[in-house]
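Student: Before we begin, could you show me the structure, and then let me ask how each description of it is justified?

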Amino acid sequence: MQLFRMRLILALILGVTLVSVGSTYFDVLAHKHTMRQDLERRTALLGASLQPEIEAAVNGSRADVIAATVARLHPFDEALGLAVYSPDGRLLASAGPQNLFNLLPPVTVKRATRRGESVAYFGHDGVRQWLEEAIPLHAGTNLNGVMVILQDASFIRAEDLAVWQRSFWRIAAFVVLIVGVTLLMVRWFLTRPMTRFAERLRRLRTGRPTVVSGGDNSAELSFLTPLAREVETLAESLMEARAAAQTEARLRDAGEHLWTAERLAVHVRERFGSSRIFVLSNREPYMHVRKGRETVCEVPPSGLVTAIEPVLCACDGVWVAHGSGSDDRSAVDEFDRLRVPPDDPRYSLRRVWLSSEEESGYYDGFANEGLWPLCHIAHTRPIFRATDWACYQRVNEKFANAVLHEMEGSANPVVLIQDYHFALAPRIVKDARPDARVCIFWHIPWPNPEAFGICPWQAELLEGLLGADLIGFHIPLHRNNFLSTVDRVLEARTDREHMTARRGGHLSIVKPYPISVVFDGAIRHGYGSGADGFDPPAEFAHKLLLEEHGVRCDYLALGVDRLDYTKGIVERLLALESLLEKHPWYREKLTLVQIAAPSRTRIPSYADLSRRVEETVNRVNARFQTARWKPVVLIERQSSHQEVNRWYRAVDLCLVTSLHDGMNLVAKEYLAARDDEDGVLVLSKFTGAAVELRDALLVNPYDVDAVAEAIHQGLEMPRAERRIRMQRMRRQVMEYNVYRWAASILTDLRDLRMENEELVTAGRAAGPAMVRKLA
Ligand code: G6P
């Protein structure tokens, strides 16, 4: 850097000096030319005024008269000398510096004689400079002599010198100014951003990403953004590869096998060969959103993207989803497709557009006001409208047709349909493409047959679902409820031993696959110790609370949820209130940070919940808060994964108190984040996660006093016990991570078809109807 700076300075000095000297040289030349012209003009005028008298004297031919006239006229004006020559160049008379006239070459006189007109010549010796102006003298038409006027021209050289002197200081000032400004610019716009950029890369390389809050240098680094993106992607890939290698090595050492994104990709390539994979979900993996004048590509916070992306990348698959971003249309081609991930495009995203009526009937209405409360026993009454149902059917067909369109030309495709938004799609796809292996994963609970029975279209929904070859739920209870519902509603044969349902000759396997999160064991969103310039997570959180919310506390509890009535947020707040009542010791000591992401806000029950949460927070805070403390800090907005991860790592206890939940990934994310093997998880027993995480403090969220006691127990728990529980739960999440979830589903889907390969091949040749009969 030092050498670079020296070279830059030298180059600048040289460059600026050369340019300035060059420009001064031409200035001087022009000035000199003007001064000479001016002198010549003045001398010619003088000559013209003297000429008649001199001519008269010369015409008289008397040497004494000539000498007297010359002597008389000489001091006239500023002329240096005056002389008269005969036409053959002999000096007849002179006045002024005699030695100079002796020095003068006769050339000027001769030229003037020859040409018969005035001739000017600039001459000089070591000291002086002069102008010789030779003017022919006439007698009538005859030339009878030459008059020479000598003018002093030394002032021209003096002027030149003065100009050079003045320019020297100007050039020096220029050099200093330009070098200074350039150095400052280099420092501001290059050196500083480059140093920060290098620091960012160093942090990436060493696994400590840039601190988000404070010191945001994004504007300063904006011109480096394209380069930064490329290099960061590269650095992240390297980091991920290193983390995967470390984890593999660690697990090999422990005699275990961890599923990683890379292993999942290899698995998919080996198992599915040339088969392409098609995913259908309502939420898309990338959204283009208008923010001010810019369009930003965002990844909606979703565990699904993490699991599905490596699968699609491995086989260049297609993800079909609702284009719900405000600027989604601007990012697609004429077939409504785009390549993603944006930084490293490996698969296609096909966006499907919905009108506001479709969105309202299918998404807000049937899916979220009907099926969602139907499947979650949270005592919010489902609403079933015939118009919503009609819309749901139409939209299912629309999405299924989009998938079928994408599948054209792909042999043996695999279709992974996601969630309750698309209960009818499996049947539509399977009917049109019997050679496809179709799976639907139901991400929410399946209630008992009595509860499900209130849906007027339960038979149609089941019929649609049973078009799939594989139906996945999170836990055995949901699978059992589903099979019981099929038994009760349809004429179908269910087999509890093999976990299948046969309807109209088609066999569906029904199995639990507990979804999970990424667990890489590395401090992915790490916030190192104070030694490397960062606050440790807990200190950071306490500082943030104090700065942003004016809250000081000793203990931190955390809730992270979508603002959804199934999450038991109000019940959690009531539990906190009960704790502060029964154990006043926690007053001014414990604060609950509740991160609540607004969700489905057009639906009245969600708007109502938001109001109730805010009211309860305000009431509890008003009841207990003091000058520097309050029991609840509500952060009601979308928060980034990094932000949430920071809170996970900082708190003493995480509260997951869902009234009913298919799985609940917050519980697992919290465990994955706690690489310090500390922290307590209070978990509702009505979540799917409770089946696996037996070392959490399991609670009934409706029993607010019991939840209060669990919080108390968690905060009082000795470090050794916290560690043992945390280690066991982390091991569970590590072994059963999200990649394993995807791999299990894909393996079963592949094996299922392989059993019937012959029949399917025969059926494919014979056409769809025969396949159904044979299967
Ligand atoms: C649940 C569902 C998902 C859904 C998510 C967010 O987890 O199972 O399918 O994507 O909630 O809800 P949203 O309506 O915003 O997609």
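Tutor: What follows goes from the whole chain to two helices and then to the ligand, and throughout it the model is a predicted one.

Student: What does the chain contain in the way of secondary structure, and how many of its residues count as buried?

Tutor: The chain has 25 helices and 23 strands, and 50% of its 775 residues count as buried. Its accessible surface comes to about 35,800 Å², with 55% of that belonging to carbon and sulfur atoms. Among contacts between residues at least 6 apart in sequence, 71% join residues at least 24 apart.

Student: How do you know that the span of helix α16 is close to the expected one?

Tutor: Helix α16 runs over residues 569–582, which is 14 residues, and it reaches 20 Å from its first C-alpha to its last. The expected span is 1.5 Å times one less than the number of residues, and for α16 this gives the 20 Å to which its reach is close.

Student: What makes α16 a mostly covered helix?

Tutor: A residue is called buried when its relative accessible area is under 20%, and eleven of the 14 residues of α16 are buried. Among them are Ile569, Val570 and Leu573, but also the charged residues Glu571, Arg572 and Glu577. The buried residues of α16 pack against β18, β19, α17, β20, β21 and α21.

Student: Why is helix α18 said to be largely enclosed?

Tutor: Seven of the ten residues of α18, which covers residues 641–650, are buried, and therefore the helix is largely enclosed by the rest of the structure. The buried residues are Val644, Asn645, Arg646, Trp647, Tyr648, Arg649 and Ala650, and they pack against α15, β18, β19, β20 and α19.

Student: Which residues surround the ligand, and how do they divide by type?

Tutor: The ligand is surrounded by Arg283, Tyr363, Trp372, Asp419, His421, His443, Ile444, Arg562 and Arg600. This shell divides into three nonpolar, two polar and four charged residues.

Student: What makes the approach of an arginine to the ligand a polar contact?

Tutor: The pair must consist of N or O atoms within 3.5 Å. An oxygen atom of the ligand is 2.9 Å from a side-chain N or O atom of Arg283, a polar side-chain atom of Arg600 lies 2.8 Å from a ligand oxygen, and for Arg562 the distance is 3.4 Å, so each pair falls within the cut-off of 3.5 Å. Taken alone, the ligand exposes 370 Å², and the protein buries 72% of that.

Key. Residues numbered from 1 in each chain as written. Predicted model: local features only at pLDDT ≥ 70, side-chain atom pairs only at ≥ 80, totals over all residues. Heavy atoms only, no water. Helix = DSSP H or I, 4+ residues; strand = E, 2+ residues; numbered from the N terminus. Buried < 20%, exposed > 50% of the residue type's maximum accessible area, 1.4 Å probe, protein only. Contact = heavy atoms within 4.5 Å. Near = heavy atom within 4 Å. Polar contact = N/O pair within 3.5 Å; in protein donor to acceptor, adjacent residues only side chain to side chain. Areas by Shrake-Rupley, 256 points an atom, 1.4 Å probe, with all protein chains shown as cover.
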